[in-house]
Amino acid sequence: MTESLWSLDEVTARLVADVPVIAGGLLAHTSEIDDPRRRWAERALEHVRVLCDGDPARLEAAMESFAITSLDFLRLQARFLKTGRYACGSADDLVGLYADSEQMVEYLDGLALSYAMWPNHAVTMAFFAQEFVDSLGPDPRVMEIGPGHGLFASLLFERRPGAFYRAIDISASSLLYTERSLRALGLPEDRYELVESDITAAPRQLPAAQFDVVVCSEVLEHVDEPELILGAIRTALAPSGTAFLTTVANMEAIDHVYLFEDVAEIRSLIENCGLSIVDERASVLAGAQEQERLPVNYSAIVER
Ligand SMILES: C[S@@+](CC[C@H](N)C(=O)[O-])C[C@H]1O[C@@H](n2cnc3c(N)ncnc32)[C@H](O)[C@@H]1O
């Protein structure tokens, strides 16, 4: 493997050659060279390089995991378009996945690389870094729910090195991955703590009004009652606090449980939980503009 394989174009070219069926969904394959989203895709790839610790075999494994994630998505999305329902009926069905460290590593490797590969994920990163993190004070107290690969923490600490960060995740395997990611980033251990907890089961045990910032990306659709997460976020935020949320509507994955039918439903759930939307992005899946049930990646900056 040559050094150039580590560039966005080379990783994309390898995926296009090896798994042509996913090519139409890849940012670097479908956009102009000066597309501003590429900057964020490059940044996400940089994070994957850090996670791989310069080991070409690990990048190969991440590419394979991303290909599996993409193929799973195509298969499940086709099924969803026929049935109008997600295959996974309840968060209880995800216990096995969360406990399986090998599967979680594969899953999170693939998800991390998706931020370098999928156009909508590049939009989310730009929104998070430029509109959200750049507006924060100097040393925010941050709670992230479901951090997984640690990309959001990486962007946060890059821009706010004085942050204090608490990660909460239901999966010990996922938290171990997050911990490795934070170590690989070289963060001092006294800047962060990791808590294994189901955020929907213990919202009342959360310390109230302790965080300036909450980040909760791609978790709402993984639980039976996303309003419990939104309530926990409201509880955890200080009165002047702000949160960054992302979720999806009409987009299937192996672990998606809660089906948001459109952006209006996401907005009203957020607002019904006592949070106000300050800014938002909604990106329709490329090529799906004509579909009746629009697959959308949604992100919002919200306040108490
Ligand atoms: C799809 S990953 C999201 C990773 C990353 N935040 C992102 O946006 O790409 C979902 C993460 O949420 C965690 N999670 C799912 N349900 C949870 C719950 N009830 N409480 C805490 N964490 C949960 C999973 O273990 C996993 O790490």
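Q: Where in the chain is Val21 placed?
A: Val21 sits in the loop between helix H1 (8–18) and helix H2 (27–30). Helices (H or I, at least four residues) and strands (E, at least two) are DSSP runs, numbered from the N terminus. This is a predicted model, where local features need pLDDT of at least 70 and side-chain atom pairs pLDDT 80 or more, while totals for chains, interfaces and linings use all residues. Residues are numbered from 1 along each chain as its sequence is written, and side-chain values use heavy atoms, leaving out hydrogens and water.

Q: Is Val21 called buried or exposed, and why?
A: Its relative accessibility is 58%, so Val21 counts as exposed. The cut-offs are under 20% relative accessible area for buried, over 50% for exposed, and partly exposed in between (1.4 Å probe, protein chains only).

Q: Why is His256 called buried?
A: Because its relative accessible area is 7%, His256 falls in the buried class. His256 is found in the loop between strand S5 (237–249) and helix H11 (263–272).

Q: What makes Arg43 and Glu158 a salt bridge?
A: Their side chains meet at 3.1 Å, N to O. That fits the rule, which asks for a side-chain nitrogen of Lys or Arg within 4 Å of a carboxyl oxygen of Asp or Glu. Arg43 lies in helix H3 (residues 37–52) and Glu158 in helix H8 (residues 151–159), so this pair ties together parts 115 residues apart in sequence.

Q: Why do Arg43 and Glu158 get their accessibility labels?
A: Arg43 is buried because its relative accessible area is 14%. Glu158 has 47% relative accessibility, so Glu158 counts as partly exposed.

Q: How do you know that Arg79 and Glu252 form a salt bridge?
A: The closest N and O atoms of Arg79 and Glu252 are 3.6 Å apart. Arg79 belongs to helix H4 (residues 56–83) and Glu252 to the loop between S5 and H11, so the pair ties together parts 173 residues apart in sequence. Glu252 is called buried because its relative accessible area is 1%, whereas Arg79, at 30%, is partly exposed.

Q: What makes the link between the ligand and Ser217 a polar contact?
A: An oxygen atom of the ligand is 2.6 Å from an N or O atom in the Ser217 side chain. For a ligand, a polar contact is a pair of N or O atoms within 3.5 Å. A nitrogen atom of the ligand also lies 3.0 Å from a polar backbone atom of Ile199. The ligand taken alone exposes 600 Å², and the protein buries 98% of that.

Methods: A polar contact is a pair of N or O atoms within 3.5 Å; within protein, one must be able to donate a hydrogen and the other to accept it, and residues adjacent in sequence count only if both atoms are side-chain atoms. Accessible areas come from the Shrake-Rupley method with a 1.4 Å probe; for residues, only the protein chains shown count as cover.
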